[in-house]
Structures are given as C-alpha cells and as structure tokens.
Amino acid sequence: MNHAAAEWHRLLDFDRRHVWHPYTSMAKPGPVYPVVRTEGCQIHLADGTVLIDGMSSWWCAIHGYNVPRINAAIADQVARMAHVMFGGLTHEPAVRLAEKLCALVPSPLEVAFFADSGSVAVEVALKMAVQYWEGRGIAARKRFLTIRGGYHGDTFGAMSVCDPDTGMHGLFRGYLPSQVFAAAPTVPFHGTWQPSDLDSVTALLAAHHATIAAVILEPIVQGAGGMRFYHPEYLRGVRRLCEQWEVLLIADEIATGFGRTGRMFACDWAGVVPDILCLGKALTGGYMSLGATLTSRAIAETIAPGAGQALMHGPTFMGNPLTCAAANASLELLLESPWQQRVARLESQLRQELAPCAALPAVRDVRVLGAIGVIEFHDPPDVHALTRAGITQGVWLRPFGRTLYTMPPLVISPEELRRITAVMCELAAGRH
C-alpha cells in the first residue's frame, strides 16, 4: 500500500468513527466513498475510479462541476470581500441577485429574503405566513395544510409539513407542530384529470380554513417523498381553493426550480403564481448553500405591523457575498444557455432508454419529467447494494425508498446519460 492509499485508509477509518453523514447511524455507519476531484459531470474517487454523476449532488449541480465562470466569480469576490453581516449593511452581489430573481419570478413576487439553505427558506416562508396573519389581526391562523407524500426539509418547522408517515413525525411526536394533511394527488402528470383528486384538500380547507395560515406543497413534483409527478390541474385547483378561503399558497420549488422539470419553475406548468416561493439547491449551481424566499410587497408590508414589528429571522450568514456571487454567475449561465432544449433532449432520451424497464418483474412504474427519470420498485431495494453496483460500472446513483432515479446535470452529454440509463436498467433487472 503506497503512502496516499495508506493515508486514505486512515482518513476513512477516522471518518467511520467520528464523522456523521446524512441519514446514517453511528452505531452502524454505511459505506462512504472518498472523492478527490470533480470535473464536468464526473466524480473522481481516491482509488482512481471515475463516476458519471447521475445525481447532480442532490440535484443542485446543474452546470456540472468545476465551472470556470462560477470559479472566476467566487475568486473575484473572495479577493474583495468574503463576508460581511447583512444586518444594517448591504452589498452588490446580494442586490444584483435580488434583481435577477425578481426579474425571473412572476409578478407580484418582488421581495427576496436570503437564507442559508432550502430548509431555512421553508422555515422563513412559514414564519412569513404566520406573521402575515398576525399583521392582519387574525392570530388564530397558525397551522398549515399540506399534502401527504411531501418533503420540505429537516428543520423542525419544515419537518412538520413533511409526510406524517414516511417523514420524521414518529421520532419527534409531541415536539413538532400539528398540521393538517390532505390526501396526496393521485392523477399523474400525463394522466386524465379527475376533479375528485381535489376532494380531500377541498374538504379540509372548508373545515379548517379559520386556523390555516397557508397551504404548502411541492408543485408538480413531490421529490424526496417519493419522486411522484402529479397533474397540473391539481395545482390550479389548490390555487383556486386558496383564493376561495383566503389562505396563502407557499410553493416549495427548492428541488424543481431553475429548469429541472422543463419549465423555469414547476408552477409554470399550471400557470400558477404562489403567494410565497421557496428556492434553493440549483440557485448557486451547487457551489454553496443558499436559499431564497420570495413574496409580494403586499404580504411583506403586512408583516411589519404585526407581532415583533419585523420578520423574525436573521441568519448570521444571510446574503453572504460569496454565495450571492456564485448564484449570480450560475443564473447568468443558465439564462444564456439553451436550457429548454437541453432539458427537452434529456427528457426524450430518458423516456426512450428507461421505457424497457417498465416490463421488468420488480418494477412498479417508470416515469420521466424534464431532467428527472425514475424507476419505482414494488419493494424497497438494498440501497447500499445498488449504490455499490453502480460504482462498479462507473455511475453514481443514490436510490432511496422504492426508487432508483437520476437527476443529472443539465449539461450532461448523450453518451454520459446513456451510460446512466443503461446501468439503471441493469440494476432494475437485478443484474448486479
């Protein structure tokens, strides 16, 4: 064993004993694979293995890795100012990012709050909704209605509106706020619309609207809760019901924003404008953690007279200049690129190459929307076994629940994507 290999052996042993990775047990930690470099759509491991990234590092690296333009933006910014508090101060990268976002989102969304992450963006949205009703003098509206099968983050407010069965409610029962859960939509994106799909949310809003601050949902795509795609008419119906009962609508576009579904925002599929919009993940092109919560001026100005006399949230690293510089460069790259054509090409290729998996005995469903390809099994697979098998074939995939899926960088080549889909089909067929 050479020196470099011996040092990695030591580091991995320390990692196993002292570093807590996401969704793992320290009593029985799962395998981790040491990365030494990322480039384009590739992840380079310490042992020389090169993996095609089918995950965009949890859906955020839409431009791939080591992007010269984003690198240069960060380098330029760090030479001038790496950080300064945002309380009472401002700076050009944050203002320019707000300009870009306000120009990109639909009217009347025009006020942006910068948060540390997607989960925090959701927390801010929940606070905005509660404080809005406080400002209106209707303090009873403190609960949220959401749909089953959703995922909105791992902080406590966000957890409270995740699916109550597959989420973390059981672990934290008695601590999490009690929310109102409607049945998940059942009509798929390309299915025949059935108005009865709205019956649950219709009944619950009629019964509970007096205490509901907002409806919060992931538009069109329920991501980490199961990678399901539902009909745009469902979203239109929820918007109408919110207007009928004077309830706010929060759209969590952290996973779906910035072109992933084939539209800039998933809400665009339904022509719906939420009252509050949460963004994150791809906002910086996967370089740094940043979230944004946008709302209308009417809502923002109604919050001020309420309890606290201000929106009660202020992260230490809010509006960090480096993250804002990365986000500005990432958005410029996206908007200057033929991203619609790229996503359409990815969707077509995913449909064609994953379609044969639908006939496999272990497979329950195959579905594609934009740059998202999903194979759903009848039974949960062995996640670690599938991950290892993918690695042996040069592909990085991270299954969860009953799904094996890919959300690759939008810049991935046809050859690289073909390798991902071929491996997915082999894994679905049990050839590993």
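Buried means a relative accessible area under 20%, exposed means over 50%, and partly exposed lies in between (1.4 Å probe, protein chains only). The structure is a predicted model, in which local features need pLDDT of at least 70, side-chain atom pairs count only at pLDDT 80 or more, and totals for chains, interfaces and linings use all residues. Residues are numbered from 1 along each chain as its sequence is written, and side-chain values use heavy atoms, with hydrogens and water left out.

**Exercise 1. Determine whether E233 and R240 are buried, partly exposed or exposed, and state what joins their side chains.**

Step 1. E233 has a relative accessibility of 18%, so E233 counts as buried.

Step 2. R240 has a relative accessible area of 46% and is therefore partly exposed.

Step 3. The two side chains meet in a salt bridge of 3.3 Å, N to O. The term denotes a side-chain nitrogen of Lys or Arg within 4 Å of a carboxyl oxygen of Asp or Glu.

Step 4. By this rule the model has 24 salt bridges. One network of them links R364, D365, R367, E376 and R402.

**Exercise 2. Describe the salt bridges R80–D76 and R96–E92 and their places in the helices.**

Step 1. Helices (H or I, at least four residues) and strands (E, at least two) are DSSP runs, numbered from the N terminus.

Step 2. R80 and D76 lie four residues apart in helix α3, about one turn of the helix, and their salt bridge is 3.1 Å from N to O.

Step 3. R96 and E92 are likewise four residues apart, in helix α4, about one helical turn; their salt bridge is 2.5 Å, N to O.

Step 4. An α-helix has 3.6 residues a turn, so residues three or four places apart point the same way.

Step 5. R80 is exposed at 54% relative accessibility, while D76 is partly exposed at 43%. R96 is partly exposed at 41%, and E92 is partly exposed at 45%.

**Exercise 3. Establish which residues of helix α4 are buried and which elements they pack against.**

Step 1. Helix α4 spans residues 92–104, which is 13 residues. From first C-alpha to last it reaches 18 Å, close to the 18 Å expected at 1.5 Å a residue; the expected span is 1.5 Å times one less than the number of residues.

Step 2. The buried residues of α4 are P93, A94, L97, A98 and L101. They cover an arc of only 135 degrees around the axis, and therefore lie on the same side of α4. The arc is that of the directions from the helix axis to the C-beta atoms.

Step 3. On the other side of α4, E99 and A103 are exposed.

Step 4. The buried residues pack against α3 (68–80), β4 (109–115), β11 (276–279), β12 (291–296) and α10 (321–336). Contact means heavy atoms within 4.5 Å.

Step 5. The loop between α4 and β4 holds P108, and the peptide bond from S107 to P108 is cis, with omega near 15 degrees.

**Exercise 4. Give the strand order of the open three-stranded sheet and place helix α11 relative to its strands.**

Step 1. The order is β13-β14-β16, with antiparallel pairing. Two strands pair if DSSP finds at least two bridges between them.

Step 2. The edge strands are β13 (363–369) and β16 (403–406), each pairing on one side only. The twist averages 10 degrees from one strand to the next.

Step 3. β13 pairs with β14 (residues 372–377) over six bridges, and V368 stands opposite G373 in β14.

Step 4. Helix α11 (residues 339–354) lies across β13, β14 and β16, at about 160 degrees to β13. Axes are lines fitted to C-alpha atoms, for helices over the stretch in contact, and angles run from 0 to 180 degrees between N-to-C directions.

**Exercise 5. Characterise S56 and W59 by phi and burial, and then locate V124.**

Step 1. S56 is in helix α2 (residues 56–59), and W59 is found in α2 too.

Step 2. Phi is near 50 degrees in S56 and about 80 degrees in W59. Most residues other than glycine have a negative phi, and most peptide bonds are trans.

Step 3. S56 is buried at 0% relative accessible area, and W59 is buried at 6%.

Step 4. V124, in helix α5 (residues 118–135), is buried at 0%. Not counting residues up to four places away in sequence, V124 touches F113, T293, L311 and H313.

Step 5. The C-alpha atoms of V124 and S56 are separated by 26 Å, the residues being 68 apart along the chain.
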